[in-house]
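Q: Could you take me on a close look at one part of this model? I would like a connected account of its surroundings.

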Amino acid sequence: MKKVFIAIAVIVCTQNVSAQLFSKERVKNLQNYDKPRLSWGYILGFNSYDFNFDYKATPEGEDPILDGDIQVAKSVGFNVGLLGNLRINDYLDLRLEPQVSFVRRDLTFNSPDLDDNQTQREVTSTYVHIPLLLKVSTKRLNNFKPFIVGGVSTSLNLSSNEDNPDDNSVGQFRTKTRTNYFELGFGIDFYMYYFKFTPSIRGVFAMSDELVADNDPNSPYTSSIDKMSSRGIFINFTFQ
């Protein structure tokens, strides 16, 4: 009998969800929520950052530098921020999403010139990240509305150590303070009873070189790097 009740409950819930999402029933939640020209919200989320390395060409007669000489161990960080939304029409919105991102990456340098205890560098970053994005939405279907989003952004790394005179010779890996990116992602607006909830996923790709080279031009850490740029994934949850 217990199994029968569970089966009935599952069927009822499935029918309710199906009716809410895909039937032609009248929209019930926040019917006029998207009408104001300006709106705002809060952002909470997670991130995972990586470094992409481009290596210098090696002189003729020397061993080539293999892609992967520097390995990056990623970890999950988190984001917190605000949302400002400017409605253009029913399908287009311009969004400003200033947020703070906390990031950690661990680098391993595979160089014959380094001892085992010298190959590891921990790179922690605190980014003030400011994206300007265009949101392109579909027509609202009952209580949800998918969208894609893209744009550009800039960030300030508060822990870059760009102006620090110490470099990898004393254990300090340095990066540039300011970085520019382009971003692309997608998400879904869910219209709840009291608020709008939006999960989204977005790729973030740096357009500029972030490396601050060591003082020694023959440094085993940075001499082989032509360009180092961040790339990352944001999973954000927005509440409006």
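A: Happy to! Let's begin with Pro 146: apart from neighbours within four places in sequence, Pro 146 makes contact with Ser 137, Thr 138, Gly 187 and Ile 188. Please keep in mind that this is a predicted model. Pro 146 belongs to strand β7, which covers residues 144–157. Its relative accessible area is 28%, so Pro 146 is partly exposed, falling between the limits of 20% and 50%. Phe 186 is 40 residues away from Pro 146 along the chain, yet the C-alpha atoms of the two are separated by 7.6 Å.

Step back by one residue and you reach Lys 145, also in strand β7. Is Lys 145 buried or exposed? Lys 145 counts as buried, because its relative accessibility is 6% and the limit for that class is under 20%. With neighbours up to four places away left aside, the contacts of Lys 145 include Ser 137, Thr 138, Gly 187 and Ile 188, residues that also appear among the contacts of Pro 146. The list for Lys 145 further takes in Asp 34, Asp 90, Lys 139, Arg 140, Asp 189 and Tyr 191. Two of these partners deserve a closer look. The side chain of Lys 145 makes a polar contact of 3.2 Å with that of Asp 34, and another of 3.4 Å with the side chain of Tyr 191. As for the backbone, 8.6 Å separates the C-alpha atoms of Lys 145 and Gly 187, which are 42 residues apart along the chain.

Beyond β7, in the loop between β7 and β8 (178–191), sits Asn 161. Its phi is near 60°, a positive value in a residue other than glycine. With 32% relative accessibility, Asn 161 is partly exposed. Leu 30 is another non-glycine residue with positive phi, near 50°, and Leu 30 lies in the loop between α1 (2–22) and β1 (38–55).

Now over to Ser 125, in strand β6. Ser 125 is buried, since its relative accessible area is 3% and the limit is under 20%. Setting aside residues up to four places away in sequence, Ser 125 touches Asn 157 and Ser 159, as well as Ser 101, Phe 102, Val 103 and Arg 105. With Arg 105 there is also a polar contact of 3.4 Å between the side chains.

Arg 105 brings us to strand β5, residues 99–109. In a regular strand, side chains alternate between the two faces of the sheet. Which residues of β5 point to the buried face? They are Gln 99, Ser 101, Val 103, Arg 105, Leu 107 and Phe 109, whereas Val 100, Phe 102, Arg 104, Asp 106 and Thr 108 point the other way and are not buried.

Let's finish with the partners of β5. Strand β6 (residues 120–137) runs antiparallel to β5, with 10 bridges joining the two; one of the pairs matches Arg 105 with Val 123 in β6. Strand β2 (residues 70–74) is also antiparallel to β5, with 5 bridges between them, and Ile 70 has Phe 109 of β5 as its bridge partner. Strand β3 (residues 76–87) pairs with β5 in the antiparallel sense as well, over 4 bridges. Here Asn 79 stands opposite Ser 101 in β5, and Ser 101 is also one of the residues that Ser 125 touches.

Conventions: Residues numbered from 1 in each chain as written. Predicted model: local features only at pLDDT ≥ 70, side-chain atom pairs only at ≥ 80, totals over all residues. Heavy atoms only, no water. Buried < 20%, exposed > 50% of the residue type's maximum accessible area, 1.4 Å probe, protein only. Pairing = 2+ DSSP bridges. Contact = heavy atoms within 4.5 Å. Polar contact = N/O pair within 3.5 Å; in protein donor to acceptor, adjacent residues only side chain to side chain.
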